[in-house]
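Colleague: I am new to this structure. Could you take me through it, please?

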Amino acid sequence: MAPITFTVNGKRESVNVAPDTPLLWVLRDTLGLTGTKFGCGIAQCGACTVHLDGVATRTCVLPVAAVASKRVTTIEGLSQNRSHAVQRAWIEDDVPQCGYCQSGQIMAAAALLATHPHPTDADIDTAMTNICRCGTYQRIRAAIHRAAKEA
Amino acid sequence: MAPRTDVTRREFLESAAVAGAGLVVGFHLPASGRLPGVAAAEPLAPNAWLRIYPDERVLVIVDRSEMGQGVTTSLPMLLAEELEADWSKIKIEFAPVDKAYNNPLFGMQGTGGSTSVRAAWTPLRKAGATARELLVAAAAATWRVDKATCQAERGAVVHSATKRRLTYGKLVAKAATLPVPENAPLKEPKDWKILGRRVKRLDTPPKVDGSAEFGIDVKVPGLLVAVIARSPVVGGKVVKFDATKAQAVPGVRHVTQISSGVAVVADGYWPAKRGRDALEITWDDGPNAALTSADISQLLNQRADQPGAVARHDGDPDAALAAAASKVDATYELPFLAHATMEPMNCTASVRADGVDIWAPTQFQTGAQGFGAKIGAVPPEKVKVHTTYLGGGFGRRFELDFIQEALETSKAVGVPVKVVWSREDDIQHDQYRPACVHRLRAGVDAGGQPVAWTHRIAAPSIMARVFPGMVKEGLDSEATEGGVGMPYAVANVHVDYLLTDTGIPVGFWRSVNNTFNGFVVESFIDELAAAAKQDPYEFRRKLLAKAPRHLGVLELAATKAGWGMPLPAGRSRGIAVFKSFESYVAEVAEVSLGADGAPRVHRVVCAVDCGQVANPDIVEAQMGGAIVYGLTAALWGAITIDKGRVEQSNFHNYRMLRMAEMPVVEVHIVPSSEAPGGCGEPGTPPIAPAVCNAIFAATGKRIRKLPIGNVT
């Protein structure tokens with residue numbers, strides 16, 4: 001098994017795992033980056049969202065072989081000290097309840113703002129399809145607007 | 001303060017403990033009184049919940065599980081208010097398992113029943129006040145002044161006459177030498193500086209950078225990960241299995257049978273899951289092999305034709321019905337529902353000869369300890385329960401199935417094991433919200449006013465599975481909660497219950513039996529209003545004239561929603577009011593129907609009277625969350641059975657509400673000096689009837705079977 005090499009949060013990583021292993025489990029079990037969550041395993045819920053070359057990507061069905069030589073950013077690498085505008089807005093609006101889906105929500109929101117610095121509600125509806133079982137959607141929407149304003 | 005629900009819950013928990021289900025608890029930390037041997041460099045520990053360090057840190061030990069409902073903030077607020085603490089110095093830690101941390105409403109250490117704040121309301125404030133008085137005494141002794149001339153404020157004691165000030169950290173050593181005062185006075189609400197305010201949650205920062213540790217994130221040296229193959233038919237058993245192919249998957253270390261199935265233990269989740277996929281198992285499908293949802297529906301309907309165990313009987317309903325000017329009859333039917341917490345079930349256990357460690361996102365630490373002692377064959381005091389953050393609870397994590405699996409697997413393979421469930425495991429091996437059938441009949445007089453109300457509930461009993469001692473002569477009084485509590489002024493009332501085992505296990509699901517009884521009561525009263533050709537809000541108002549707290553939230557919600565005011569074309573309103581967990585909630589839903597008949601909920605106005613409020617921002621968040629939880633179920637939620645198997649498996653066929661479907665939710669809190677009520681669950685029951693009543697207002701079609709689906 002040849003090692004698969006890619007960049008995670010600015011650091012080069014080489015992993016020796018079955019190439020069909022989803023990136024999610026490489027991040028969590030091999031690299032110990034547990035901020036990215038497992039929710040469904042079929043790319044329905046978005047708890048496993050990271051940035052792959054800057055694009056929000058669900059990793060529970062993404063074979064690690066597909067990210068060879070690519071650039072992965074996880075919630076742990078989004079900013080230093082929770083300083084990303086989305087993280088600051090999330091704190092200001094006290095968005096999380098249980099918090100389990102929020103890494104994925106934040107990564108999806110950060111990717112949205114990167115392409116749509118001032119998203120409309122319709123943009124948010126389209127981009128933010130992650131599931132939150134605690135029902136924090138209203139605060140997520142408010143926090144995205146706040147982050148857009150304060151970025 | 002203990003409401004009926006909680007008395008019965010405490011009784012059953014105590015009866016379960018007496019019954020010796022292995023649920024014996026271990027050593028005992030004093031709930032009051034200083035721990036012996038506190039040296040100067042150590043924290044002041046005046047009670048089980050508080051440690052004050054010389055460096056000014058104030059550690060609050062949180063003895064309820066944080067599953068999103070905000071206990072890591074609201075419980076420290078109770079203590080910090082009376083302590084006169086500097087809120088910026090508050091740190092939190094989850095409690096170990098210990099009797100000192102029992103939920104006073106349960107008699108065991110557990111989180112549920114929307115009890116956390118109301119159970120802690122007095123003990124945690126007293127704990128804070130006691131520590132405050134101790135620190136004041138320490139300062140007075142240091143300065144040699146009368147303690148009545150000293151005052152605690154924001155993490156320090158001040159002597160205003162001489163402008164001297166000592167922070168709590170500097171008083172730790174002195175305080176440790178003094179007796180803990182008794183009967184420390186509690187502050188008046190008007191003097192509160194922390195309680196009642198929108199204090200920011202302490203658990204938000206770790207939840208925005210990935211550092212919050214959930215059960216599934218636990219790391220332990222030498223840890224292996226297990227995925228379990230369980231019978232696809234509910235109640236089936238392993239006959240035999242062939243592990244050859246599973247063991248050939250790289251990374252698989254062990255394959256072992258446990259009581260719930262066959263565990264594949266590997267270096268990580270992915271190889272464990274691949275190993276499970278390769279397992280060859282012969283199952284005995286057991287008695288449910290041919291069971292279908294149609295069978296269950298038929299059974300419940302048949303049962304509902306028979307008289308049941310009487311839960312409430314006022315006046316003479318038979319005579320009143322016979323004499324009534326007209327009658328209204330309705331049958332309602334609700335499905336099984338899965339919890340679908342975002343974090344799938346998981347637990348890490350290390351079973352060793354010298355003791356057991358359990359790391360779990362659990363709502364029930366005492367139960368976890370009991371299983372640890374039983375399976376590990378060690379005394380309870382050798383079992384440590386490390387509670388992590390819970391990625392949602394909703395009652396699912398009061399169960400111990402996932403903890404038992406981790407314990408059995410670790411014991412079998414001799415190393416620490418984390419059992420992780422897939423989403424399919426989670427949806428298909430739940431303890432479901434009971435499916436049920438309700439028959440209602442009302443007699444109304446010539447003016448349309450109800451003179452008789454009968455409500456028959458045919459439903460499986462959660463208690464019969466969990467604590468059978470709580471079922472008395474066929475009556476599970478929890479199963480009728482909310483039906484028995486029907487608040488409308490009707491002289492003749494009969495509520496009865498038919499305990500019906502369907503073969504499908506049932507469990508506590510956010511607001512529990514109130515979910516179905518609330519839907520039924522608030523739909524049927526709407527039917528009576530329609531039959532009387534009266535406005536459903538005004539109809540309720542008249543019948544709630546002697547139920548002031550119901551009336552208060554009903555009127556507030558209606559006013560804020562603009563009840564009776566024109567709506568955009570195609571929209572209609574529905575209203576519902578319901579009491580559960582000692583809180584009163586009314587909701588008005590604004591609904592439209594798409595061309596395909598799919599309901600769209602645009603706005604929900606919620607009024608809540610939950611007595612005194614610890615943190616209004618958290619109350620608002622809980623109401624909003626409870627509405628989403630109930631609305632998701634009302635629109636689409638159904639677990640169905642075919643050949644004994646759960647037909648749904650993941651979010652593609654067990655649909656969740658998402659951002660684009662989210663209504664605007666407005667929450668209004670009734671100012672109150674009443675004792676605190678629960679907040680996690682009471683927002684759920686009213687939403688389904690509010691939405692269905694709105695659909696009726698628009699279409700004249702009465703929804704008597706959930707989920708709503710498309711209205712055609």
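Modeller: What follows covers chain B, its contact with chain A and one helix pair. This is a predicted model, in which local features need pLDDT of at least 70, side-chain atom pairs count only at pLDDT 80 or more, and totals for chains, interfaces and linings use all residues. Residues are numbered from 1 along each chain as its sequence is written, and chains are lettered from A in the order in which they are written.

Colleague: How many helices and strands are there in chain B?

Modeller: Chain B has 18 helices and 27 strands, which are DSSP runs numbered from the N terminus (helices: H or I, at least four residues; strands: E, at least two).

Colleague: And how many residues of chain B touch chain A?

Modeller: On the chain B side 48 residues are in contact with 45 residues of chain A; contact requires C-beta atoms, placed from the backbone, within 7 Å.

Colleague: Which element gives the largest share of that side?

Modeller: H17(B) does, with seven residues; this helix spans 616-636.

Colleague: Changing topic, at what angle do H3 and H4 of chain B pack?

Modeller: Helix H3 (residues 116-143) and helix H4 (residues 168-175) of chain B pack at about 80°, with axes 9 Å apart. The axes are lines fitted to C-alpha atoms over the stretch in contact, and angles run from 0 to 180 degrees between N-to-C directions. H3(B) is therefore roughly perpendicular to H4(B), a term for angles of 65 to 115 degrees.

Colleague: Which residues meet there?

Modeller: Among them are Leu134(B) and Ala138(B) in H3(B), and Tyr168(B) and Leu171(B) in H4(B).

Terms used. Angles under 35 degrees count as roughly parallel, over 145 as roughly antiparallel, 65 to 115 as roughly perpendicular and the rest as oblique. Two residues are in contact if their C-beta atoms, placed from the backbone, lie within 7 Å.
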